[in-house]
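Reader: I'd like a close look at one helix and the way it sits against its neighbours. Could you walk me through it, residue by residue where that helps?

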Amino acid sequence: DDYGYFDNNRSNKIAVIKALREINQNLTLMDAKNMTEATPAEVLKDAKAEDVKSASEKLKAAGATVELK
């Protein structure tokens with residue numbers, strides 16, 4: 001099982017919020033915003049390695065720092 005955490009450097013907050021909502025469509029705008037303010041935040045838990053890699057790439061492209069566990 002893989003886990004994905006991210007830490008937002010705040011410079012691209014809107015892009016990170018959009019990436020979070022793309023990764024998890026169940027997140028409301030407020031949920032995603034709160035995740036960017038309460039970092040580090042767990043994005044995926046017990047996910048497939050491919051899903052974690054994809055999410056990691058989206059968050060990195062948005063300017064977030066990603067840590068995989």
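**A close look at helix H1**

Author: Let's start with the inside of the helix: Val-16, Ile-17, Ala-19, Leu-20 and Ile-23 are the buried residues of H1. Looking down the axis of H1, you'd find these buried residues within an arc of 165 degrees, so they line one face of the helix. Ile-14 and Lys-18 are exposed, and they sit on the face of H1 turned away from its buried side. Keep in mind that this is a predicted model.

Before going on, a quick word on the setting. The protein chain has three helices and three strands, and along the sequence they come in the order β-α-α-β-α-β. Of the 69 residues in the chain, 35% are buried. If you take the contacts in the chain with a separation of 6 or more, 66% of them are between residues 24 or more positions apart.

Now for the neighbours. H1 covers residues 13-23, and one of its partners is helix H2, residues 29-37. How are two packed helices described? By the angle between their axes and the distance between the axes. For H1 and H2, the angle is about 125 degrees and the axes are 9 Å apart. That angle makes H1 oblique to H2. The two helices cross in a right-handed sense. On the H1 side, the residues making the contact are Lys-13, Val-16, Ile-17, Leu-20 and Arg-21. H2 brings Leu-29, Ala-32, Lys-33, Met-35, Thr-36 and Glu-37 to that contact. Sorted by class, the contact of H1 with H2 holds six nonpolar residues, one polar and four charged.

It's worth checking the H2 side too. Its buried residues are Ala-32, Met-35 and Thr-36. They span an arc of only 100 degrees around the axis, which puts them on the same side of H2. Ala-32, Met-35 and Thr-36 also appear among the residues that H2 contributes to the contact with H1.

Lys-33 is another H2 residue to click on. Is Lys-33 buried or partly exposed? Lys-33 comes out as partly exposed, with a relative accessible area of 30%. Leaving aside residues up to four places away in sequence, Lys-33 touches Lys-13 and Ile-17. Both of those H1 residues are part of the contact with H2. For Lys-33 and Leu-20, which are 13 residues apart along the chain, the C-alpha atoms are separated by 9.0 Å.

The other partner to look at is H3, residues 49-62. Here the packing angle with H1 is about 165 degrees, and the axes are 8 Å apart. H1 and H3 are therefore roughly antiparallel to each other. H1 passes H3 in a right-handed crossing. From H1, the contact uses Ala-15, Val-16, Ala-19, Leu-20, Glu-22 and Ile-23. From H3, it uses Ala-55, Lys-58, Leu-59 and Ala-62. By class, the contact of H1 with H3 has eight nonpolar residues, no polar ones and two charged.

Set the two contacts side by side and Val-16 turns up in the one with H2 and again in the one with H3. Leu-20 is likewise listed for H2 and for H3. Val-16, in helix H1, deserves a moment more. At 0% relative accessibility, Val-16 counts as buried. Where else does Val-16 lead, 47 residues apart in sequence? To Gly-63, with 6.8 Å between the two C-alpha atoms.

While you're in H3, have a look at Ser-56. With a relative accessible area of 6%, Ser-56 is buried. Among residues over four places away in sequence, Ser-56 touches Val-66 and Leu-68.

One last stop, away from the helices. Asp-46 sits in strand E2, residues 41-47, and its phi is near 55 degrees, a positive value in a residue other than glycine. Most residues other than glycine have a negative phi. Asp-46 is partly exposed, with a relative accessible area of 44%.

Note on methods:
Residues numbered from 1 in each chain as written. Predicted model: local features only at pLDDT ≥ 70, side-chain atom pairs only at ≥ 80, totals over all residues. Heavy atoms only, no water. Axes fitted to C-alpha atoms, helices over the stretch in contact; angles between N-to-C directions. Helix = DSSP H or I, 4+ residues; strand = E, 2+ residues; numbered from the N terminus. Parallel < 35°, antiparallel > 145°, perpendicular 65-115°, else oblique. Left-handed = near helix turned anticlockwise from the far one by under 90°. Contact = heavy atoms within 4.5 Å. Nonpolar A, V, L, I, M, F, W, Y, C, P; charged D, E, K, R; others polar. Buried < 20%, exposed > 50% of the residue type's maximum accessible area, 1.4 Å probe, protein only. Arc of directions from axis to C-beta.
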